[in-house]
Amino acid sequence: MKKPANLLVTFDPSQQQRLTQQCKQDVLNKIDVIEGESAICALRSRHWNALLIDLTHQPTPGLMLIDRVLAAGLIGTFAPPPLLLACSATPETLNSSLLRLNGFDRLLPLPITETLPRSAPQVLNLSELNALAGGQQAVVDAMMPVLIQTLNDDIQHLASLPAQAPFTAIADIAHRMKSSWHLLGMSHARRSCIIMERLPALLDNGVISAQESEKMRINFISVLFASLRQCKGLLPAQP
């Protein structure tokens, strides 16, 4: 029998038992339920389609876990699952927009009653940009070169910073770029900006070491250049 493709992490023992029973009855998805302390080991051990984090009783540990997952992705410890989903038995108490700013893709109610999407190769999703442009293609076409040029300038600035530049300088650039990547539908770059924006706090709180922060900086620049090349491929050829 194949192992579950989706990992649901909870931080409450009674909730773990409840969710395990629910997932056994779930005919739509294959979900493995584990407690929070085992999450990083499970993520290191194999590829998962989606990571679901239960925020029902203790949102703070779940938000700390997403920081560790995103940091691990840039350090190179393991690749985060393509889908990062928050879930809660009381979703009305959570703010979906704030969760997206923390790196989550969506908020789902518990128990899970819909089929989780399968991971797929990343493609550009311009739905946010289209919404901002009121569905006017001419506006989208005008905005894209501006967004891409602004990102290009910020990436060049980031790459030119000396190795001894303060981490706050990197965090400021990441903060500036985050919304542009979101509008262009580039989730990998957006997540990378989210975690690099928190770099000073991650160091201060001992979540990462100084050596790991240097790996994150180098890999961050690589992610941004790769994402930028993908975006430039959308621009019409110059006459």
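For the description of pocket linings and helix contacts, Ala, Val, Leu, Ile, Met, Phe, Trp, Tyr, Cys and Pro count as nonpolar, Asp, Glu, Lys and Arg as charged, and the others, Gly among them, as polar. The model analysed here is a predicted one.

The second largest pocket was examined first by its volume and then by its lining. Rolling a probe the size of a water molecule over the atoms shows where empty space is left. The second largest pocket holds about 280 Å³ of space. Its lining consists of 13 residues, and those nearest the centre of the pocket are Met64, Leu65, Asp67, Arg68 and Val207. Two or more lining residues are given by each of α3 (59-75) and α9 (199-204). Helix α3 provides the largest share of this lining, namely five residues. Sorted by class, the lining of the second largest pocket comprises seven nonpolar, two polar and four charged residues.

Helix α3 also takes part in a contact with another helix. Two packed helices are described by the angle between their axes and the distance between the axes. The axes of α3 and α8 (residues 187-197) come within 9 Å and cross at roughly 110 degrees. Since angles of 65 to 115 degrees count as roughly perpendicular, α3 and α8 are therefore roughly perpendicular to each other. On the α3 side, the contact involves Asp67, Leu70, Ala71 and Leu74, which meet Arg191, Ser192, Ile194, Ile195 and Met196 of α8. Six nonpolar, one polar and two charged residues make up this contact of α3 with α8. Asp67 thus appears in both descriptions: among the residues nearest the centre of the second largest pocket and in the contact with α8.

Helix α8 packs in addition against α10 (residues 210-232), at an angle of about 150 degrees and with the two axes 9 Å apart. Because angles over 145 degrees count as roughly antiparallel, α8 is roughly antiparallel to α10. The crossing of these two helices, α8 and α10, is left-handed. From α8, the residues in contact are His188, Ala189, Ser192, Cys193, Ile195 and Met196, while α10 contributes Met216, Arg217, Phe220, Val223, Leu224 and Ser227. By class, the contact of α8 with α10 contains eight nonpolar, three polar and one charged residues. Ser192, Ile195 and Met196 of α8 are listed in the contact with α3 and also in the contact with α10.

A further feature concerns the backbone. Most residues other than glycine have a negative phi, and most peptide bonds are trans. Leu110 and Pro111, however, are joined by a cis peptide bond, with omega about 0 degrees. Pro111 lies in the loop between β5 (106-109) and α5 (127-132).

Methods. Residues numbered from 1 in each chain as written. Predicted model: local features only at pLDDT ≥ 70, side-chain atom pairs only at ≥ 80, totals over all residues. Heavy atoms only, no water. 1 Å grid on protein atoms, 1.4 Å probe; cavity = no way out; pocket = protein on both sides within 12 Å on 5 of 7 lines; lining within 4 Å. Points joined across faces, edges and corners; volume = space filled by probe spheres on them. Helix = DSSP H or I, 4+ residues; strand = E, 2+ residues; numbered from the N terminus. Axes fitted to C-alpha atoms, helices over the stretch in contact; angles between N-to-C directions. Parallel < 35°, antiparallel > 145°, perpendicular 65-115°, else oblique. Contact = heavy atoms within 4.5 Å. Left-handed = near helix turned anticlockwise from the far one by under 90°.
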